[in-house]
Amino acid sequence: MRRFAPVTVVLTGALVLTGCGSGDSQGDSKAELSVGGAYMPQPVSDSMAAGFLTVTNKGGTKDELTSVTSDVGDVTAHETVGSSMQEAKDVAVPAHGQLVFKSGGSHLMFEKLKRKPKQGEKVTVKLHFAESGTVTVEMPVKSATYSPKTGH
């Protein structure tokens with residue numbers, strides 16, 4: 001029996017290491033968020049503006065956008081339901097998927113603007129996620145009629 005003890009220890013160690021590494025090596029153990037395509041059309045109103053962006057999750061676990069903050073005013077996530085807008089709470093970012101804020105659909109609504117952002121400036125936005133923490137985005141202000149090639 002004595003000569004089998006080292007083999008048992010080695011095999012047990014290998015199994016433990018295999019179990020520990022399998023989920024992480026595939027990137028499936030947590031959300032992996034990135035933000036792209038962010039912009040704000042120059043607001044026509046002195047008190048309100050909209051913002052658009054795409055949050056991509058390459059991880060194997062969903063996350064939720066719980067709130068948005070900015071130094072230019074109050075920010076909430078809105079979705080279009082039928083022909084009206086409504087505030088959306090805890091917006092899901094699916095595993096291996098995207099959350100798209102686009103014109104005519106879900107979007108960020110800036111209200112009670114402290115200043116009116118002008119074309120060429122950047123607005124700092126902090127996206128607060130349940131699992132991934134805070135992601136800071138520099139959102140460029142585009143012309144009021146800007147329409148990106150990506151369609152959002």
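The following paragraphs describe a predicted model of a single protein, from its overall architecture to individual residues.

The protein contains 1 helix and 10 strands. Along the sequence, the helix precedes the strands, in the order α-β-β-β-β-β-β-β-β-β-β. Contacts reach far along the chain: among those between residues at least 6 apart in sequence, 72% connect residues at least 24 apart. Of the 152 residues in the protein, 32% are buried. The accessible surface amounts to about 9,100 Å², and carbon and sulfur atoms account for 54% of that area.

The interior can be approached through the largest nonpolar core, which has 25 residues. Within this core, L53, L65, L108, F110, V125, L127 and M139 touch the most other members. Strand β9 supplies the largest share of the core, with 4 residues. One of the residues with the most core neighbours, M139, illustrates how separate stretches of the sequence meet. Leaving aside residues up to four places away in sequence, M139 is in contact with A38, Y39 and M40, with G51, F52 and L53, with L108 and F110, and with E121, K122, V123 and V125. Three of these partners, namely L53, L108 and F110, are listed with M139 among the core residues that touch the most other members, as is V125.

A second view of contacts between distant parts of the chain is given by P41. This residue belongs to strand β1, which spans residues 33-41. P41 has a relative accessibility of 16%, and because buried means under 20%, P41 counts as buried. With residues up to four places away in sequence set aside, P41 touches A50 and F52, as well as V141, K142, S143 and A144. For S143, the separation from P41 is 102 residues in sequence, yet the C-alpha to C-alpha distance is 5.5 Å. F52 is a contact of P41 and also a contact of M139.

Two loop residues merit attention for their backbone conformation. H96 is not a glycine, but its phi is positive, at about 55°. H96 is located in the loop between β6 (91-93) and β7 (97-101). With a relative accessible area of 55%, H96 is exposed. K112 likewise is a residue other than glycine with a positive phi, near 55°. The loop that holds K112 runs between β8 (107-111) and β9 (122-129). K112 has 62% relative accessibility and therefore counts as exposed, since the cut-off for exposed is over 50%.

Methods:
Residues numbered from 1 in each chain as written. Predicted model: local features only at pLDDT ≥ 70, side-chain atom pairs only at ≥ 80, totals over all residues. Heavy atoms only, no water. Buried < 20%, exposed > 50% of the residue type's maximum accessible area, 1.4 Å probe, protein only. Core = buried A, V, L, I, M, F, W, Y, C linked by side-chain atoms within 4.5 Å. Contact = heavy atoms within 4.5 Å. Areas by Shrake-Rupley, 256 points an atom, 1.4 Å probe, with all protein chains shown as cover.
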